[in-house]
Amino acid sequence: MSLFRTSPEPWELKAGDTCLVGIPETLVRIIDIGRYDPPQDVGWLPRPHTMLVVLPIDHPIDPMDEDQGDTICLDSAEPLKIELVSRGAV
């Protein structure tokens, strides 16, 4: 499951088409935070220094799945608005 959506849907696209890609407003939980000094070499520029791994709030966490969630790079060019809604139980 990915937070990212396309319009039109991917199966409606063919080579040469244009589409919009984005993340609709979604409540998520942060399941991991990566901080890198120096910034991490992930194959694109600028290299990220802080990344959040998030899951939709209604998606169960699978402790056996290392690759679950979507990664959001902070201080990237994407126009993201992040708002703290709850800190949850500690």
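In this predicted model, P8 sits in the loop that links β1 with β2 (20-22). The peptide bond between S7 and P8 is cis, with omega at about 0°. A second cis peptide bond, with omega at about 10°, joins D37 and P38. P38 is likewise found in a loop, here the one between β3 and β4. For a reader new to peptide geometry, it helps to recall that most peptide bonds are trans.

The strands that flank this second loop lead on to the sheet. Three strands build an open sheet, arranged in the order β3-β4-β5, and their pairing is antiparallel. The edges are taken by β3 (28-35) and β5 (70-73); each has a single partner strand, so one side of each is left without a neighbour in the sheet. From one strand to the next, the twist averages 30°. As a general reminder, strands of a sheet pair through backbone hydrogen bonds, and they can do so in either a parallel or an antiparallel way.

How is the pairing made up, bridge by bridge? Between β3 and β4 (residues 50-56), which run antiparallel, there are seven bridges. Two of the facing positions can be picked out in the structure above: V28 stands opposite P56 in β4, and D32 stands opposite V53, also in β4. On the other pairing, β4 and β5 run antiparallel and are joined by four bridges. Here L52 has I72 in β5 as its bridge partner.

Is β4 mostly covered or mostly open? Strand β4 is mostly covered, with seven of its seven residues buried. The cover extends to both faces of the strand. On one side T50, L52, V54 and P56 are buried, and on the other side M51, V53 and L55 are buried too. Two residues already met in the pairing therefore return here, since a residue counts as buried when its relative accessible area is under 20%: L52 belongs to one covered face of β4 and V53 to the other.

Attention now turns to the surface. Which residues make the nonpolar surface patch? F4, V21, I23, L80 and I82 together form a nonpolar surface patch of about 450 Å². One of these residues, F4, lies in the segment before β1 (5-7). F4 has a relative accessible area of 41%, so this residue is partly exposed. That value falls between the limits for buried, under 20%, and exposed, over 50%.

How values were computed:
Residues are numbered from 1 along each chain as its sequence is written. This is a predicted model: local features need pLDDT of at least 70, side-chain atom pairs count only at pLDDT 80 or more; totals for chains, interfaces and linings use all residues. Side-chain values use heavy atoms; hydrogens and water are left out. Two strands pair if DSSP finds at least two bridges between them. Axes are lines fitted to C-alpha atoms, for helices over the stretch in contact, and angles run from 0 to 180 degrees between N-to-C directions. Patches are made of residues with over 30% relative accessible area and no salt bridge: like charges are joined within 9 Å, nonpolar side chains (Val, Leu, Ile, Met, Phe, Trp, Tyr) within 5 Å. Accessible areas come from the Shrake-Rupley method with a 1.4 Å probe; for residues, only the protein chains shown count as cover. A salt bridge is a side-chain nitrogen of Lys or Arg within 4 Å of a carboxyl oxygen of Asp or Glu. Buried means under 20% relative accessible area, exposed over 50%, partly exposed in between (1.4 Å probe, protein chains only).
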